[in-house]
Amino acid sequence: MVGIRLLGPVELWPDESGPAPISGAKRRAVLALLAYDLGRCVPVERFYALLWGAEPPVHAKAALQGHVAALRKILAGTGFELLTRPPGYQLIGAPHSVDAMLFRHLAERAHTQSGDQAASASCRQALGLWRGAALADLPDTELRSRMAGELDEIRVGVLVEWAEQQLRLGTAAAAIPALEQCVRADGLREPTVAALIRCLHQAGRTSDAVAAYHEARMRLDEELGITPGAVLREAFTAVLGGDPGGRVPAQRSGGDKAVASGDGPPAADSPAAPGGAVGAGGAGGAVDATSGGGLDVRARLPRVPAGFVGRAAETAWLERTCGPDGSGARCAIVAGAAGSGKSALVVRWARESAERFADGCLFADLRGFDPAGATEPGDALGQLLYGLGVRGGDLPEEVAARAALYRERTRGRRLLVVLDNAAGSRQTADLLPAGPDCSVIITSRNSLEDLIVTEGAALLHLDALPPADAMLMLEQVLTGQRVREEPEAARRLVELCDRLPLALRIAASRLAARPGWTLADLVEELEDEQTRLIALDTQGTTGVRTALSVTHRNLPADAARLLALLAVHPGAEVAATSAAALLGSDIGRARDALGSLAAYHLLNESAPGRYGRHDLVRLFGAELLEDEPAETGRAAFARLLDHYLVAVGRCSAIVQPGPEVHEPLEFVPRALPRTPDVRAVHAWFQAEEPVIRALVVTATERGEHERAWRLAHVASRVYLSTGRLSDRAGCMRAGLRAARLCGTVRAVATLEACTADALIDCGQLDEGLVLAERAVERTTPADGNAHIQAVIAFAMAHYHAGNREAGYAASERALDLVRTTGLTEYAARVYNNAIGFKGMAGEHEASLLLAREAREILRDHPHSSYYLMATFNEGVTLMALGRMTEAQLVIAEVEELCRVTGSPRVLAEFRSVHASTLHDRGQVEEAVPLLRTALEMFTELDDAIKVTRVRGLLDAWERELAGAAPARAARDTPAAEAS
């Protein structure tokens, strides 16, 4: 419909072509509240409550005014008018152009229409307006929950009313899918379950109707501690009585939950447990008042979600740790991200193992991350004591007394206790059984490390499903044939869901409910990062975003802030020093924040001090940042860029001393990586290179052109030391784009030269030569280092293009510039290039003098790349001069320097040249294995040009060696044998 849509993600449709873009959940929330109260003035305090809850920030008024101003522009020409009306704002427009108001109108009309046929049509039209959970993509505040809850209550009432109409019309089967979906989202609404039971029965699915009743009975008992009310019992009686029409009560049914319906008290012998959900079974267990039989211990445990797959290793771990016959810790923590399947794993194992515990099983949902609040310790103890047979007046009022009684009742017993969804260690402190033969399993999004220390608990981190198990989960819900028909789409769907069971179940259920959709259709929807979290939400409280939102509310302030700021970090992993830059803090605060995010499984520590994250968490963080002022993200990104400018600059100064190091433009980092030597630089750069390259690209896109080209420039020299040729070319190309956008001659010429070097090393000679020539033309000697760097690039480009005379001349010009201007930043590189050109020209004595002069210039930096190259060149020159005794000493020095610095590229080059020298001296047998080692190293470095050249040489030398073998054999054969 054209207008404003609230019954799902909030959208504004100016016309039928599609929704207008509205950036930010808070801006959508302002529009939603205005539309929800269409025609009425909304006070600013009500906006604050919806956007920020009880504690609006100091900038709340300015932020609200900004959202209103932006919405006025978006609403222009749509038929809506946004007015300022003290004490707030008012939206004017046609009531039926807001789907929530149209829904209410259709629901009221259905009540007044005579005849089930007409009323059914109105109900069906009203229900068809829903596209998911109401207000699904707004900030998770109390007011949002209340508004969505009001709409949902009406929806459930309309659904039940429509189902009753279908029953009376004899077409109940039509209502079953919608009723089943509603019951899955909330199985405690007795009128909804009763309607489902009657519809299933009328449709001939009597066994499913009976199963639905017993499922509801167990959930009411486990989660609310009550028995079914009158509405549910009457529906079940109708099924047992064989009433084929599915008799409907005369009154209209509402959408209230059983706990608030007052439909009859619990049975006398099964009093309601205090508080939330608990189950117990085994010896001394409760008796099922409804069925009249003994209670199966597994019946008190929640149902395992449909489609459970895999987790064989984790199940074996639970058996070893908590099995009644094992010798494990007896106390286990199963921790993992929201939606990773912690509860399903534990409940499944508990169901299979409960009968082996002589005194039964206790289960309590601690609701540690429930939007409605966690279970209080006193209530949880009351639930557990109820499961142990403590009734009514025997239950102490004080928490301490309940804890003492719980310890007394569990001492000497063999129980399995499952404490599900704990928020933290404190919540479980009084709930651990006293008996040494009891086993307790706690599930949480938090790692609960305190319990590892105080209770000797064993910890199992539950991560995403392996790819094969994730595919199997899809097959179980969608059928194997449907998945096999689109294998590539299925694999992509699994990855878009981060292989998390919750996300996979939601995605599969969406497809199951839409048989006309292909897997590729859903993949296309999920590929859009702006709407992926919305697409993985449900109409209940189990969506991915909802789960992440609840976890977010439990985070310490720094961790919550960092989760949002990480949205500007482009890497798959983040280091502690980078996190400090984002926060603008010292390393201690950053580590604490990262530790909290890891403890709640929003990040995972992939290596000491390095943390990865799932895509869904990244997208959630981006939503959080979108709700902050734009300056928050800009400043964090600028701090991150300045951090890497300094960090990479310091690395550059270690591997190639001399060239300028760019200082931060705005922020001075408070924490930097520890890179004391060349080997440490190489290790750090190998880990961070994807981030550095991505930052140059992203900074260019975000308008940070100065920072982008500078970062590419300082990184170019570290690339040269570590290899990664294709990555270097990609980074330099992005830096060149930024330099051109920046516009200064220095920036453009510098990056043209850097990019030319990178392209030439990758074999892209034509483009590299053009860029090098442009850099020279763009600069003059007055431009100093920029011109010298351009001339060096020009020399190397012409050398690789086969024009050695032009290359030699340019090299000599660069050498002369360094000596006459006194500019030494590129001296080391200029000297090393000149050595190579003179060697190729046969001027070996001159090469030797330059090599030794370069080593003298760099004597204070013996582990730098250029010192290593100068030593390398001295050794090569000595071999060319035939001074092998001196050469062997330098060769040994090069090998040692490569070992100390971890410089595989230089070592590969040296072994290649050394092998060629041996070959030229006729020592083919010694040359071949050395060249083979060089080939292996160039292959690992992904240097395609060198691999091709060295492989060609090696093939020729091996043929040469094979041809010489018969002659050697004849020469070495003893005379007696030869005769």
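Two strands count as paired if DSSP finds at least two bridges between them. With that in hand, welcome to a predicted model of a chain with 44 helices and 14 strands. Buried residues make up 55% of the 979 residues in the chain. Among contacts with a separation of 6 or more, 68% join residues 24 or more positions apart. The surface that the chain exposes comes to about 39,900 Å², with carbon and sulfur atoms supplying 52% of it.

**Strand β10 and its partners**

- Let's start with strand β10, which spans residues 439-444 and is mostly covered, with six of its six residues buried.
- Both faces of β10 are covered: on one side S439, I441 and T443 are buried, and on the other side V440, I442 and S444 are buried too.
- Strand β7 (residues 331-336) pairs with β10 in the parallel sense, over five bridges.
- Within that pairing, A332 has I441 of β10 as its bridge partner, and I441 belongs to the buried set named above.
- Strand β9 (residues 416-422) also pairs with β10 in the parallel sense, again over five bridges.
- Here L419 stands opposite I442 in β10, and I442 is one of the buried residues on the other side of the strand.

**Strand β5 and its partners**

- Strand β5 (residues 88-92) has four of its five residues buried, so it is largely enclosed by the rest of the structure.
- Strand β3 (residues 41-43) runs antiparallel to β5, and three bridges join the two.
- In this pairing, C41 stands opposite Q90 in β5.
- Strand β4 (residues 81-85) pairs with β5 in the antiparallel sense over five bridges.
- A hairpin through two residues joins β4 to β5.
- Q90 appears here as well, as the bridge partner of L83 in β5.

**Aromatic pairs**

- The structure holds seven aromatic pairs, and two of them are described here.
- The ring centres of Y48 and W52 are 6.0 Å apart and the ring planes are at 55 degrees, so this pair is tilted.
- Y48 and W52 are four residues apart in helix α2 (residues 44-52), which means that about one helical turn separates them.
- Both Y48 and W52 are buried.
- The rings of F103 and W130 have their centres 5.5 Å apart and their planes at 80 degrees, so this pair is edge-to-face.
- This second pair links distant parts of the chain, 27 residues apart: F103 lies in helix α4 (residues 99-112), while W130 lies in the loop between α5 (116-127) and α6 (142-169).
- F103 is buried, as is W130.

**Charges over rings**

- The charged end of R5 sits over the ring of W13, at 3.9 Å from the ring centre.
- R639 is placed with its charged end over the ring of F667, 5.8 Å from the centre of that ring.

**Cysteines**

- If you are wondering about disulfides, a search of the whole structure finds zero.
- C322 is in no disulfide, and the nearest cysteine sulfur, belonging to C331, is 7.1 Å away; a disulfide would need the two sulfur atoms within 2.5 Å.
- C322 has a relative accessibility of 0%, so it counts as buried.
- C497 also counts as buried, because its relative accessibility is 0%.

**Two residues to look up: T779 and A70**

- You will find T779 in the loop between α34 (765-778) and α35 (785-800).
- T779 has a relative accessibility of 5% and therefore counts as buried.
- Leaving aside residues up to four places away in sequence, T779 touches A749, A786, H787 and A790.
- A70 is located in helix α3 (residues 60-75).
- A70 has a relative accessible area of 17%, so it is buried; the cut-off for buried is under 20%.
- A70 and R27 lie 43 residues apart in sequence, and their C-alpha atoms are 8.4 Å apart in space.

Note on methods. Residues numbered from 1 in each chain as written. Predicted model: local features only at pLDDT ≥ 70, side-chain atom pairs only at ≥ 80, totals over all residues. Heavy atoms only, no water. Buried < 20%, exposed > 50% of the residue type's maximum accessible area, 1.4 Å probe, protein only. Contact = heavy atoms within 4.5 Å. Phe/Tyr/Trp six-rings, centres within 6.5 Å; stacked < 30°, edge-to-face > 60°. Lys NZ or Arg CZ within 6 Å of the ring centre and 35° of its normal. Areas by Shrake-Rupley, 256 points an atom, 1.4 Å probe, with all protein chains shown as cover.
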